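Here are my notes on the complex you sent over. Have a look at the structure first, then read the points in order.

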Amino acid sequence: MTLNVALVSPTEQVWTGEASFVSARTTEGDLGVLPGHTPLFGVLVDGLVSIKGVDGSTQEFNVRGGFLSVSNDRVSILTESVV
Amino acid sequence: MGAQLRIYRRRMRSVKATKKITKAMELISASRIVKAQQRVSASTPYANELTRAVSAVATFSSVEHPLTTPHANPRRAAVLIISADRGMAGAYSTNAIKEGEQLAALLRERGLSVASYLVGRKAVNYYKFRDRQIAASWTGFSDNPTYENAKEVADTLLTAFLEDSVDGQGVDEIHIIFTTFKSMLTQEATAKRMIPLEVVESSTPVDSALLPQYEFEPSAGEVLDALLPRYIEARIFNAMLQSAASEHAARRRAMKSATDNAEELIKSLTRLANAARQAEITQEISEIVGGADALASASAGSE
């Protein structure tokens with residue numbers, strides 16, 4: 001099982017693809033998402049979003065606020081801008 | 001060269017110069033439509049995801065939020081009109097402004113006063129010329145809006161929305177008028193209500209049965225608080241991008257017909273100039289022949 005991840009900003013689709021693990025920082029603290037996660041909607045604070053791809057490589061993005069939504073192994077990260 | 005011919009030639013020169021300009025503007029607009037369209041489609045994933053999220057939150061949480069619940073007794077409505085900074089785009093700006101007038105009339109019928117928020121120099125000039133009140137206006141980015149521009153506009157509107165409408169400064173509803181880019185040939189001025197939220201639209205209709213029962217972090221109310229301003233920003237941004245694409249398409253079409261008309265004009269002027277030149281030559285010949293005849297008869301008489 002993998003996660004279908006989309007990291008989008010208003011002006012572009014920053015990253016899309018399959019991943020095995022996503023971590024981000026919400027207003028409540030750091031949050032990790034593995035496949036099979038329960039539907040969740042969180043508000044992100046400025047910080048790092050790291051996406052671990054299926055091939056084991058890790059991508060990191062510095063986002064400025066935004067939202068994270070998880071449903072049916074589909075993770076969308078909406079952010080105003082990626083630094 | 002006769003006076004008539006000279007005047008025709010002068011007019012042809014001027015039409016030719018105009019044609020060069022309109023042709024150049026047509027080509028520039030044509031290349032910019034493509035870029036503007038790409039920007040619209042680049043902003044679509046974000047807008048779709050946000051729409052999905054807003055529908056999910058609004059559907060499944062019982063949170064009462066000022067942005068989603070209509071005001072019981074609305075007094076004032078904001079109308080945001082997105083027009084162009086420059087002309088030469090046919091009826092593009094006029095259509096948006098007219099749509100705004102219609103909406104304003106409709107709102108007044110409902111007993112609301114209207115606060116005008118304007119984007120683009122054309123709308124601002126239209127309102128200034130008629131001495132109307134402008135709540136706020138932004139100019140200088142109509143053909144290439146950035147997200148920051150949309151944010152600025154959204155911030156102003158949301159601030160007005162959160163203020164009390166009783167003292168006359170705040171608004172209870174926000175409407176937007178922009179030009180939807182349907183295709184290269186059709187663009188349509190459209191009025192939409194933004195707040196309170198209308199039927200949520202996106203390019204892919206969201207089936208409420210498919211929306212997941214989200215867990216909210218920190219809470220549904222706070223998520224909505226954070227989500228809705230972004231949603232409004234994204235919608236304004238999308239409206240601006242579509243309007244920009246429409247503006248370029250309208251300008252391309254207007255400039256194409258201007259170029260065609262100039263060509264037509266040059267053709268008929270060439271015909272007229274040719275006829276004038278021919279008439280001149282004919283006259284000269286008959287003058288010479290007449291002169292020679294007169295000389296011949298004069299010298300014949302002297303003998």
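1. Start with how chain B splits up: domain 1 covers 3-25 + 257-298, and domain 2 covers 31-255. Keep in mind that this is a predicted model. The C-alpha centres of the two domains of chain B are 54 Å apart.

2. What joins the two domains? On the contact count, 5 residues of domain 1 of chain B meet 5 residues of domain 2 of chain B. On the domain 1 side, the elements giving two or more residues are helix 1 (3-60) and helix 5 (220-302) of chain B. Helix 5 of chain B gives the most to that side, with 3 residues. By class, that side of domain 1 has 2 nonpolar, 3 polar and no charged residues.

3. The overall dimensions of chain B are worth a look next. For 303 residues, a compact globule would have a radius of gyration near 19 Å, but chain B comes out at 30 Å. Its C-alpha trace spans about 125 × 40 × 25 Å along the principal axes. Buried residues account for 35% of the 303 residues in chain B.

4. On to the fold of chain B. There are 5 helices and 6 strands, and from the N terminus on the order reads α-β-α-β-α-β-α-β-β-β-α. If you take the contacts in chain B between residues at least 6 apart in sequence, 78% of them join residues at least 24 apart.

5. If you want a probe of the helical part, try B:R13, which sits in helix 1 of chain B. Is B:R13 buried or exposed? B:R13 is exposed, because it has 12 other C-beta atoms within 10 Å, and a residue counts as exposed at 12 or fewer. B:R13 and B:L295 are 282 residues apart along the chain, and their C-alpha atoms are separated by 42 Å.

6. Helix 3 of chain B, residues 121-129, deserves its own point. Which of its residues are buried? They are B:R121, B:K122, B:A123 and B:Y126, so two of the names on that list are an arginine and a lysine. The cover over these buried residues includes strand 1 (76-82), helix 2 (92-109) and strand 2 (113-119) of chain B.

7. Just past that helix there is a backbone detail to check. Helix 3 of chain B is followed by B:D131, which has a positive phi of about 60° although it is not a glycine. As background, most residues other than glycine have a negative phi. B:D131 lies in the loop between helix 3 and strand 3 (136-138) of chain B. With 6 C-beta neighbours inside 10 Å, B:D131 counts as exposed.

8. Chain A has a case of the same kind of entry on my list. A:N72 is a residue other than glycine with a positive phi, near 45°. A:N72 is found in the loop between strand 7 (66-71) and strand 8 (74-78) of chain A. Why does A:N72 count as exposed? Because A:N72 has 11 C-beta neighbours inside 10 Å.

9. Now chain A as a whole. It has 0 helices and 8 strands, so to speak a plain β-β-β-β-β-β-β-β run from the N terminus on. With 83 residues, a compact globule would have a radius of gyration near 12 Å, and the 11 Å of chain A agrees with that. The C-alpha atoms of chain A fill a box of roughly 30 × 25 × 20 Å along the principal axes. Of its 83 residues, 34% count as buried. Among contacts in chain A between residues at least 6 apart in sequence, 47% join residues at least 24 apart.

10. Last, the interface between the chains. Here 22 residues of chain B are in contact with 22 residues of chain A. On the chain B side, helix 1, strand 6 (215-217) and helix 5 are the elements that give two or more residues. Helix 1 of chain B gives the most, with 8 residues. That side of chain B has 16 nonpolar, 2 polar and 4 charged residues.

11. One part of the contact between chains involves strand pairing. Strand 4 (residues 40-44) of chain A and strand 6 of chain B run parallel, joined by 3 bridges. Which residue stands opposite B:E217 of strand 6 of chain B? That residue is A:G42.

Conventions: Residues numbered from 1 in each chain as written. Chains lettered and ligands numbered in written order. Predicted model: local features only at pLDDT ≥ 70, side-chain atom pairs only at ≥ 80, totals over all residues. Domains from an automatic or database assignment. Contact = placed C-beta atoms within 7 Å. Helix = DSSP H or I, 4+ residues; strand = E, 2+ residues; numbered from the N terminus. Nonpolar A, V, L, I, M, F, W, Y, C, P; charged D, E, K, R; others polar. Rg over C-alpha atoms; globule rule 2.2 N^0.38 Å. Buried ≥ 20, exposed ≤ 12 C-beta atoms within 10 Å, placed from the backbone. Pairing = 2+ DSSP bridges.
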